[in-house]
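Work through the exercises below with the sequence and the 3D structure at hand. Each task is followed by a worked solution.

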2 protein chains.
Amino acid sequence: MGKKIVIVGGVAGGATTATKLRRLDEKAEIVLFERGEFISFANCGLPYHISGVIEDRKKLLLQTVEGMNARYNLDIRNFSEVTAINRKEKTVSIKHVQTGEEYTESYDVLVLSPGAKPIVPPIEGLKSANVFTLRNIPDMDKIKAYLEDNKPKNAVVIGGGFIGLEMAENLIHAGVNVTLVEKLPQVMGPVDPELAAIVEDELRKNGVELILGDGITDVQENGTKVVLESGKILDAELIILSIGVRPENKLAADAGLDLGERGGIKVNEYLQTSDESIYAMGDAIEVTDYINGQPTMIPLAWPANRQAHIVGHHINGRKIAYPGTLGTSIVKVFELTAATTGNSEKLLRRIGIPYEVVHIHPLSHAGYYPGAEQISLKVIFDRETGKLFGAQAVGKDGVDKRIDVIATAIKGGLSVYDLQELELAYAPPFSSAKDPVNMAGYVASNIVDGIIETVQHYEVDDLIKEGAFMIDVRTEKEHAQGRIEGSKNIPLDDLRSRLDELPKDEIILITCQVGLRGYLASRILQQNGYKVKNLTGGYKTYSIFKNKIQ
Amino acid sequence: MGKKIVIVGGVAGGATTATKLRRLDEKAEIVLFERGEFISFANCGLPYHISGVIEDRKKLLLQTVEGMNARYNLDIRNFSEVTAINRKEKTVSIKHVQTGEEYTESYDVLVLSPGAKPIVPPIEGLKSANVFTLRNIPDMDKIKAYLEDNKPKNAVVIGGGFIGLEMAENLIHAGVNVTLVEKLPQVMGPVDPELAAIVEDELRKNGVELILGDGITDVQENGTKVVLESGKILDAELIILSIGVRPENKLAADAGLDLGERGGIKVNEYLQTSDESIYAMGDAIEVTDYINGQPTMIPLAWPANRQAHIVGHHINGRKIAYPGTLGTSIVKVFELTAATTGNSEKLLRRIGIPYEVVHIHPLSHAGYYPGAEQISLKVIFDRETGKLFGAQAVGKDGVDKRIDVIATAIKGGLSVYDLQELELAYAPPFSSAKDPVNMAGYVASNIVDGIIETVQHYEVDDLIKEGAFMIDVRTEKEHAQGRIEGSKNIPLDDLRSRLDELPKDEIILITCQVGLRGYLASRILQQNGYKVKNLTGGYKTYSIFKNKIQ
Ligand SMILES: Cc1cc2nc3c(=O)[nH]c(=O)nc-3n(C[C@H](O)[C@H](O)[C@H](O)COP(=O)(O)OP(=O)(O)OC[C@H]3O[C@@H](n4cnc5c(N)ncnc54)[C@H](O)[C@@H]3O)c2cc1C
Ligand SMILES: Cc1cc2nc3c(=O)[nH]c(=O)nc-3n(C[C@H](O)[C@H](O)[C@H](O)COP(=O)(O)OP(=O)(O)OC[C@H]3O[C@@H](n4cnc5c(N)ncnc54)[C@H](O)[C@@H]3O)c2cc1C
Ligand SMILES: CC(C)(COP(=O)(O)OP(=O)(O)OC[C@H]1O[C@@H](n2cnc3c(N)ncnc32)[C@H](O)[C@@H]1OP(=O)(O)O)[C@@H](O)C(=O)NCCC(=O)NCCS
Ligand SMILES: CC(C)(COP(=O)(O)OP(=O)(O)OC[C@H]1O[C@@H](n2cnc3c(N)ncnc32)[C@H](O)[C@@H]1OP(=O)(O)O)[C@@H](O)C(=O)NCCC(=O)NCCS
């Protein structure tokens, strides 16, 4: 017999560690404890079975205990909660959740992948029978049964993170009226507000009532009334609570392992805890933010799977470091896709890292080929070096591709200049001769090169109030249809002949529809001795944001 | 007045150079000559207007002469063929193609972006009125008019490159029966035959009659009979000739500029020709292959656009090197997408660079979420270092994304190990917790690490003939439905208990459906002292290839 490895948790991190360990060592003794009935299920698919988009429940159960034991020669014990780690003895205590039987099991190496649990604020009314969180198969089954038995006409989803958004969509698909309540002034915390605004529009368009900047304070009358900070009271036949998760750290804490400030288990680059024979991974740990180097928690499936690989190897003597988490994430919201990688503008601002931003609105593929859809793409980078800090995109098509390409560029240490250089696949149904990512590279490099200066959508109103002069270089028709108040219309193609209408002694702000014509105008004016700043993202980004804050 | 720059060619490279030059310098004198009527049109969209997929012809005309002159203050002269470069005088000779007027124009800097022209073999019958090539708007108009006027029932498309494939598809959409003839034993030269085979299947499924490994030798009876090398004679009411392009090098050759072996204009890393005041770009030039460093020609839109940027800057004093062309390309063929980046296996074999290959067949997104489609993904890399040489993919969904990610990884200098590390956007509608690209990284790294040895689909039959022992670790049912002749079925889950059926003294070949179970079997057997090789891509790749060669 080889090493004896005990694993706590049988889903993303735990199951993947078990199979990896077996591939590396036929002789190892591998015991996996899972508190629940199911191992290796598709957490990420849960919301979609509730609506029936994923019809077949069995599809979510990727592996069975028997199947996995047979194939990988494992000792998987479900319904088995690990209740304590006895570090001195190198044993864990187990309690069978059905029989109550308790026993201990020794380990040479212990791997913790216990995940996270939904945050439930201490509000008595949240214990009502119509209040649910969603983390695993039984949670899903309960919500589905509740829908079938009670046919609720309306639901309140509390929390606008990705699980809240997916639940809102799937409840709408299931024929339930949904009100989504989010304490922050935007949905989708990891993206910036002007991109979240596009998602918010999509939610409203699909019938979701959205209440932003308002948290719950109480739940009353058997869970049928949700009371908000604003005093508003919502009717709720069903409540989904999805305001985030907290690491499952009790075992680790009780065993005296080091925890981070927000409760994540602390690990080194090889994912060893403060006890080197205990590894931890997945939603339960604190990781390093790949961009800013600060400790953070990013409860997503990719990191858990990757970390399992690294731990499997480390246990078998091969050192692969975990370089931190970039936090690439994506969510489908009705017809839209919203995705992000790296750091957001608001995060960088909060931690005081200087950055620059570009907004562009390219088409997903050649405009002349049917089906092209506008993508709103934001790239965030270092003004001095062009180093990439992050990117966000929202649109109906091609969003995942562009974010994946930029995530790859970040992992390759590429800068905004290198984005220009990416030789991406082009034919009319797929992209343009300059892909949106190339274009973002061109636009951003011009800022790093000092060829253009920009202002952002949220700065414009104040600047104009303070007396700034702004020209809008779109056509008269476009300007007439909607404009930034106070902007003067000089269509781009007339600009060279109307220079005398412009002040030479002050900074001229320029806007157009998406930023391109404004950039062309900037180049003309700069070379004629004017000082200019172009509105990045143009009227498009401005108006999305303006609609949001009004 | 600033520098006087003369540009030859008004489409991808030429038009883009002109606008870039203007953005960089308001004062430059920029004269652009275009032989045809149209500048700045969408070459790549031409096949789609022929079928009506792109309904509106105007959509293909991205810019007009007037529009571009107005916006960019250019001097664009269409219908104007440059007939000679007089290097000593620094002038070009121009002939107006309608009026016949001839004159010269001086330049400080000359930029050549004359493109390429379709290859037409010296066969008299190809001059018949029903034979067409497709390069520009008038070509397209002629084909469309011929279709409308003559309503041909059948067409022969000669050449299975991407234009031939697009034409075959669009003619089918237009209600024409299509026979596609290709001299090579496969369509899509840049990809390897076992991936091309999937495209060939798709063509046949959609009614295209495919004749591979057979070239044309003659065209007879007014273009109505196409005679093939095999002696076969095809009826043709319409013939599309798309066997490739040759660089438009006459101007350059006459002016004594250096040309490459196959006729591409030679340029340095800043795209200067052998005369430093003359730049060249686009389809007309020879480039360096980004992977293998050898001279090549890659007539695609991305390089032309990128080179225009570099030339624009170089003329204005900023040096950006062109690092060579990777050759990322993509084509839609009915429901399928086929894409490639970097070097193919057959190219590497031909030039003698040692390589390794993995074939995988992952789903485009989580299998439990509706709409997941299998992707056939091949990654080619250096066995010693894991350096990426290229990748190819074919499938219905998510192909473009994976090839773009790998193209980005190549440009970032990443290896197969780094592919594991890419933190790509995952939610069930978009990917899996391990994206196909991650998975390719895992599978390929195992080869570099020496954890697994593989054989390829084209080696298996010979090995078995020579007496090799092969096990198929799929289920009995799968094995019964189709198998490699001579393989012995031992289902993976029984393997540990049936080791005694295997020979210890010879290499055991292993196969399964796609390679995963074969890999698991390999690990079990290796650790029990057996010598094994796994068939990469499994029965899936083997059977696709086998069907093709039969
Ligand atoms: C509804 C939903 C949708 C999601 N969608 C996405 C998505 O689209 N994309 C994405 O990247 N991520 C998504 N996630 C997140 C992803 O599922 C997690 O990040 C991932 O599963 C974390 O893996 P883990 O191994 O850390 O935890 P888990 O996969 O949760 O596994 C932990 C397991 O440990 C068990 N356990 C805990 N304590 C003990 C104990 N003491 N003894 C025995 N067993 C114990 C738990 O019962 C649990 O089964 C989603 C999550 C949910 C809930
Ligand atoms: C049908 C078709 C589909 C395509 N699809 C794709 C695709 O999906 N993806 C992709 O990447 N690429 C595609 N391409 C290739 C792409 O269009 C070319 O690579 C690109 O246009 C090359 O740019 P260029 O500037 O070198 O040449 P061009 O764009 O061809 O421009 C050259 C111009 O120069 C003019 N010219 C030549 N000689 C003279 C002269 N002596 N005087 C004046 N003018 C002159 C020509 O009339 C021509 O208009 C396609 C091409 C075709 C024809
Ligand atoms: C139409 C055509 C002349 C446009 O080329 P272009 O002038 O390079 O214009 P683009 O629309 O690509 O814009 C690129 C420029 O605008 C800038 N830009 C684009 N979007 C911007 C935005 N939202 N905000 C600010 N700047 C923006 C870019 O930085 C870049 O400028 P730079 O090179 O000075 O950095 C040229 O692409 C063409 O002729 N195409 C047709 C032919 C062809 O390519 N055929 C093959 C494919 S079918
Ligand atoms: C089901 C589960 C146990 C499978 O994990 P796994 O054992 O890592 O298996 P995978 O299918 O990912 O295969 C990966 C292994 O097979 C190899 N492989 C995959 N395809 C292969 C192919 N075609 N040929 C050869 N090898 C292949 C890979 O190299 C890798 O092996 P390595 O790590 O030793 O290099 C695990 O993913 C799981 O529990 N998932 C569900 C939970 C979850 O992730 N939830 C969150 C998302 S919903």
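**Exercise 1: an open sheet in chain B**

In strand 16 of chain B, B:I239 is the bridge partner of B:V131. This is a predicted model, in which local features need pLDDT of at least 70 and side-chain atom pairs count only at pLDDT 80 or more, while totals for chains, interfaces and linings use all residues. Residues are numbered from 1 along each chain as its sequence is written, chains are lettered from A and ligands numbered from 1 in the order in which they are written, and side-chain values use heavy atoms, with hydrogens and water left out.

Task: find which strands of chain B stand at the edges of the sheet 9-16-10-11-12.

Solution. Step 1: helices (H or I, at least four residues) and strands (E, at least two) are DSSP runs, numbered from the N terminus; two strands pair if DSSP finds at least two bridges between them. Step 2: strand 9 of chain B and strand 16 (residues 238-241) of chain B run parallel and are joined by two bridges. Step 3: the open sheet has five strands in the order 9-16-10-11-12 (chain B), with parallel pairing. Step 4: strand 9 (131-132) and strand 12 (209-212) of chain B each have a single partner strand, so they stand at the edges and one side of each is left without a neighbour in the sheet.

**Exercise 2: another open sheet in chain B**

Task: state the order of the sheet that runs from strand 26 to strand 28 of chain B, and place helix 15 of chain B.

Solution. Step 1: five strands in the order 26-30-29-27-28 (chain B) form an open sheet with parallel pairing. Step 2: strand 26 (454-455) and strand 28 (488-489) of chain B have a single partner strand each, so these are the edges. Step 3: strand 27 (residues 469-472) and strand 29 (residues 507-511) of chain B are parallel and share four bridges, and B:D472 stands opposite B:T511 in strand 29. Step 4: helix 15 (residues 516-527) of chain B lies across strand 27, strand 29 and strand 30 (531-535) of chain B, at about 175 degrees to strand 30. Axes are lines fitted to C-alpha atoms, for helices over the stretch in contact, and angles run from 0 to 180 degrees between N-to-C directions.

**Exercise 3: a hairpin in chain B**

Task: describe how strand 5 and strand 6 of chain B pair.

Solution. Step 1: strand 5 (residues 91-96) and strand 6 (residues 102-106) of chain B run antiparallel, joined by five bridges. Step 2: B:T91 has B:S106 in strand 6 of chain B as its bridge partner. Step 3: five residues lie between the strands of this hairpin, where B:G100 takes a positive phi near 80 degrees.

**Exercise 4: two helix pairs**

Task: classify the crossing of helix 6 and helix 16 of chain A, and that of helix 15 of chain A and helix 1 of chain B.

Solution. Step 1: angles under 35 degrees count as roughly parallel, over 145 as roughly antiparallel, 65 to 115 as roughly perpendicular and the rest as oblique. Step 2: the axes of helix 6 and helix 16 of chain A come within 9 Å and cross at roughly 70 degrees, so these helices are roughly perpendicular to each other. Step 3: the axes of helix 15 (residues 516-527) of chain A and helix 1 (residues 12-24) of chain B come within 8 Å and cross at roughly 45 degrees; the two are therefore oblique to each other. Step 4: A:Y519, A:L520, A:R523 and A:Q527 in helix 15 of chain A meet B:R22, B:R23 and B:L24 in helix 1 of chain B, where contact means heavy atoms within 4.5 Å.

**Exercise 5: confidence**

Task: what average pLDDT does chain A have?

Solution. Step 1: pLDDT is the predictor's confidence in each residue, from 0 to 100. Step 2: the average for chain A is 97, and 100% of the residues score at least 70.
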